[in-house]
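Please open the structure in your viewer and keep the selection tool at hand. The tour below suggests what to select at each stop and says what is to be found there.

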Amino acid sequence: MSRKAKFLGGGLVIVAALAYLVYAGVSQSVVYFVTPTELGAAPVAGKSYRLGGMVLPGSLKWDPKALNLRFTLSDGQASVPVRHRGTPPDLFAEGRGAVVEGTWSRDGYFQASTILAKHSEEYKAPHDASQAGYKELLKTLKDPGGKP
Amino acid sequence: MTPELGYAAAVAALVLAVYGSAASAWSAVKGRADLRLSAERAAVGVWLLVLTCMALLVYAFLTFDFSVRYVAGNTNLGTPFYYRITAVWGALEGSIILWAFMLSIYTLIVVARYRRTQPQLYPWVLAVMLGISAFFLLVITVPAPPFQRLSPIPPDGRGLNPLLEDSGMITHPVALYLGFTGFTVPFAFAMAALIIGRTGDEWITITRRWTIVAWYFLSLGLLIGGWWSYHVLGWGGYWAWDPVENAAFMPWLTGTAFLHSVMIQERRRMLKLWNLTLIILTFSLTLFGTFLTRSGIIGSVHAFSQGSVGQFFLGFLALVVLGAFSLLAWRLDRLHAQGELDSIVSRESAFLLNNLFLVAAAFTVFFGTVFPLLSEAVKGTKVSVGAPFFNLVNIPIFLALIFLMGVGPLIAWRRASSENLRRNFLRPLVIGIAAAAVCRLLGVANALVLLCLALVVFVATTIALDFARAARARRRTGDGWLEATWGLALRQNRRYGGFVVHLGILVVALGVAGSQAWSTQTEATLDRGESMELAGYTIRFDGLQAAEESNHFKVIGTFTVSDRKGPYTVLTPAKKFYPQEQSPIAAVDYRLGFMEDLYLVLGEFARDGSHATIKVQVNRMVSWLWIGGLVLTLGAALAIVPEPRRTPALPPGAQRVVA
């Protein structure tokens, strides 16, 4: 075998190995983006999904002691019950958009491993009504009775 | 007046850059020195005008000129003084100005250095660099004008993105952009070499130190970015394979490949075509990164400002890629290798493999980043691949690269004899395996960590043995140990700078392996006075306090931590409430250590302070990343220092024998 053929052969083997690596990587870690309607139509247990929707008002249940978070994501047509263990992220609230990543459980709910709340970049006037909430919070915490 | 002046300066700079680029090219065609002089003056003018733009924007920020939309969007009356300066590059418009400014500085240095020494290449280099400047100035004047007026003028601004209120934001973008723009210099020299048809090694010899400079800054930028992610974002990690990170990582990978393959061309006059391709690729990837992150085509979670900027970058990227590769095709007949590969077991093939793996890594990062687009275009399904993909694919590639890092610098050129292999690699290999075996016996069970450790020890031993041999050889000439070592590092600073960079990478690799394998975390809701335990730490929740800062409210949790030996520290993670933000921002608190960091994030809490949820992480060996990064940048700095002239010069193709 000529030198050139040897180099070419060796290179091809490595490239093939890398290609297999990419293929295996994709098939192991692919995440499907779905809406509650799409997921509701054909849920497959064990498959990784990224599910986006609105947190249905009134559905949010947060048990701080057990760190259990339950809520329902809806797209207006279908809704999916979601469970998560851990603190809800800062942006997370009822009536807001959220994206969760996780798997469909056989017991009929979506087990989220991560919650990605959606940021909106729109301009917001600084001194708006939400300020009152912060002021009140500040007051309760500054109140001597509230201190340890 | 400020915004109008700034806009006028940007337009004038654009006109001058276009003129200078054309004049410089024309001067090269016609050999007219007067035109060349005029183009040089234009380059100085561009620098002055962009400097004016920067200064005016800083002035607008310092004086709270909310009539400027960009100022109103990125600062408010409460923004502290120094963050008002860094806010200048806190968003797209300002960062493009920063980019243009750095490019104009590089252009001036090129003018000062090469106008006399490189009479043939230089006019084309200047033309290319001013042409690229013109593009960025066009972006400043048309799709992303930082001086746009806002009407009516708001009483207060929106404020800087709270995540950017951090000292890392002073240095991170500056270093990153110095890195990105730094690759313009070798790219411009490569294009100039193709245009005038001198496709030899000249452009590489001239620009090799420039490439190290760009690489140094890009590495620094990535490191500071990782540190920022770690101590600001509050998720306890330093790298998330986020499109923004990938965008900066891809040119780093191809740039690293380029730094290695130029050595083959210098020594063996091979890989001419490959080196040109690599530098075009690296430069294109710096543009692609900006396109990717600014066009809004990627990133369903990360919100970027969108607009026509993406289209401008895509257009320019297409122009650069098409133009550069057409030039390459035109000169293809002059790009034949003068040397050829002799054996598979040789330094050339070790470097080739290194290049193959680095480019493969860049490709997989690219593939993973644009995968959602590809999938939607090809199959119509919306999917993505996350961190697991990047980790799975890149871990084997990087382990292979670490192995090659040990082999490449020591294996013989052309053809390595079994004697050469035995002398250089037998001992390191044995020591590497032994080190892993000892760690296994000491209780390290993670196979990946053990493999990484064996490789790291192998490479470190090759470097140590090589250095010891060379130092011993110098000692025979009468130097003391210290003199011998120091003299060696200075005399062959490029080689030993490279070794120091390799050592830095080894430390980083151990940090990555250790932190991935051994970090642990938990989350709990604690009543006031209640404690929890993790990895030997006992953490007691002592209560909440509130504080009012200039531009936000802060709720601070106090946690008393003790370890096995007794009281350890008090940590105060907080939540910051910015009036302009929809939600609070977590401010983590941590105690860094050599082997492990304790890292606390405050979660939900009761308003009366009776209980709070806390996330506790014990992150192992993360400090190794920062230490390794520091070593790496020191090594790069050592390699940048001009090398003292060697006498006698080695004949081409000769191997410096290290006794």
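Begin with strand 7 of chain B and strand 8 (residues 585-587) of chain B, which pair in the antiparallel sense over three bridges. If you then select B:Ala574, you will find that this residue stands opposite B:Ala587 in strand 8 of chain B.

Keep strand 7 (residues 574-577) of chain B in view and add strand 5 (residues 553-563) of chain B, since these two strands also run antiparallel and are joined by four bridges. Here the residue to pick out is B:Phe553, which stands opposite B:Phe577 in strand 7 of chain B.

Move next to helix 13 (residues 347-378) of chain B, where a kink of about 60 degrees lies at B:Val370, shortly before the proline B:Pro372. After helix 13 of chain B comes B:Gly380, a residue whose phi is positive, near 80 degrees.

Now colour chain B by pLDDT, bearing in mind that this is a predicted model. The mean pLDDT of chain B is 87, with 95% of its residues reaching 70 or more. Among the elements of chain B, helix 6 (residues 121-141) has the highest mean pLDDT, at 95, while helix 17 (residues 481-491) has the lowest, at 74. Over residues 300-304 of chain B the pLDDT is below 50, and this stretch has nine contacts in the model beyond near neighbours in sequence.

Select residues 647-659 of chain B as the last stretch, where pLDDT stays under 50 and the model has ten contacts beyond four places in sequence. Where pLDDT is low, the predicted coordinates should not be read in detail. For the complex, the predictor gives an ipTM of 0.77 and a pTM of 0.89.

Note on methods:
Residues numbered from 1 in each chain as written. Chains lettered and ligands numbered in written order. Predicted model: local features only at pLDDT ≥ 70, side-chain atom pairs only at ≥ 80, totals over all residues. pLDDT = per-residue confidence, 0-100. Contact = placed C-beta atoms within 7 Å. Pairing = 2+ DSSP bridges. Bend = angle between axes of the 7 residues up to and from the residue.
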